[in-house]
Amino acid sequence: MNYQKIYFYDVESFSSFTCFTFLEKSSREILQFKFGCGYNELESLKSFTEDRALYVGFNSISYDDPVLRFVLSQKTGVGISKKVFDLSKR
């Protein structure tokens with residue numbers, strides 16, 4: 001596969017706040033997308049993930065990837081933190 005960029009990423013979720021953090025391998029650029037506590041960056045996250053990139057995480061198969069896919073499937077970012085927190089408990 002030919003990826004434009006490689007990102008290491010992690011998801012942190014609390015009942016009122018969720019944060020996706022991405023670290024680009026080559027440039028070491030850090031990008032964050034937040035939900036809750038006045039943040040709703042769903043459109044920015046969707047736009048960011050449209051690029052052809054490889055996303056690598058520590059627990060991505062069991063947690064980060066399913067959460068990322070769930071959030072990207074949402075039509076609105078309203079209530080995302082609570083939804084992700086509930087999903088995390090399962």
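In this predicted model, Ser81 is found in helix α3, which covers residues 80-89. Ser81 counts as buried because its relative accessibility is 5%, and buried here means under 20% relative accessible area. A polar atom of the Ser81 side chain lies 3.3 Å from the backbone nitrogen of Thr18. Leaving aside neighbours within four places in sequence, Ser81 is in contact with Ser13, Phe14, Ser15, Ser16, Phe17, Thr18, Phe35 and Gly36.

A second serine, Ser60, is found in helix α2, which spans residues 60-72, and Ser60 is buried as well, with a relative accessible area of 14%. The side chain of Ser60 reaches the backbone oxygen of Gly57 at 3.5 Å. When residues up to four places away in sequence are not counted, Ser60 touches Tyr9, Asp65 and Pro66.

Tyr9 also belongs to the aromatic part of the picture, since Tyr7, Tyr9, Phe22, Phe33, Phe48 and Tyr55 form one aromatic cluster. The structure as a whole holds twelve aromatic pairs. A pair of aromatic rings is described by the distance of the centres and the angle of the planes, and two of the pairs are set out in this way below.

| Aromatic pair | Centre to centre | Angle between the planes | Arrangement |
|---|---|---|---|
| Tyr7 and Tyr55 | 5.9 Å | 20 degrees | stacked |
| Tyr9 and Phe22 | 5.5 Å | 10 degrees | stacked |

The pair of Tyr7 and Tyr55 links distant parts of the chain, with Tyr7 in strand β1 (residues 5-13) and Tyr55 in strand β5, 48 residues apart. Tyr7 counts as buried because its relative accessibility is 5%, whereas Tyr55, at 21% relative accessibility, counts as partly exposed. The pair of Tyr9 and Phe22 likewise links distant parts of the chain, with Tyr9 in strand β1 and Phe22 in strand β2 (residues 18-24), 13 residues apart. Both Tyr9 and Phe22 are buried.

Strand β5, which runs over residues 53-56, is also the place of Val56. With a relative accessible area of 32%, Val56 is partly exposed. Together with Tyr3, Phe8 and Leu54, Val56 makes a nonpolar surface patch of about 280 Å². Why can Val56 be counted in a patch? Val56 can be counted because its relative accessible area is 32%, while patches are made of residues with over 30% relative accessible area and no salt bridge.

The backbone has some further points to note. Most residues other than glycine have a negative phi. Arg28, however, has a phi near 65 degrees, a positive value in a residue other than glycine. Arg28 is found in the loop between strands β2 and β3, the latter covering residues 30-36, and Arg28 counts as exposed because its relative accessibility is 53%. Cys37, although it is not a glycine, has a positive phi of about 55 degrees. The place of Cys37 is in the loop between strand β3 and strand β4, which covers residues 39-40, and Cys37 counts as exposed at 59% relative accessibility.

Technical notes. Residues numbered from 1 in each chain as written. Predicted model: local features only at pLDDT ≥ 70, side-chain atom pairs only at ≥ 80, totals over all residues. Heavy atoms only, no water. Patch = residues over 30% accessible without salt bridge, like charges linked within 9 Å, V, L, I, M, F, W, Y side chains within 5 Å. Areas by Shrake-Rupley, 256 points an atom, 1.4 Å probe, with all protein chains shown as cover. Salt bridge = Lys/Arg side-chain N within 4 Å of Asp/Glu carboxyl O. Helix = DSSP H or I, 4+ residues; strand = E, 2+ residues; numbered from the N terminus. Buried < 20%, exposed > 50% of the residue type's maximum accessible area, 1.4 Å probe, protein only. Polar contact = N/O pair within 3.5 Å; in protein donor to acceptor, adjacent residues only side chain to side chain. Contact = heavy atoms within 4.5 Å. Phe/Tyr/Trp six-rings, centres within 6.5 Å; stacked < 30°, edge-to-face > 60°.
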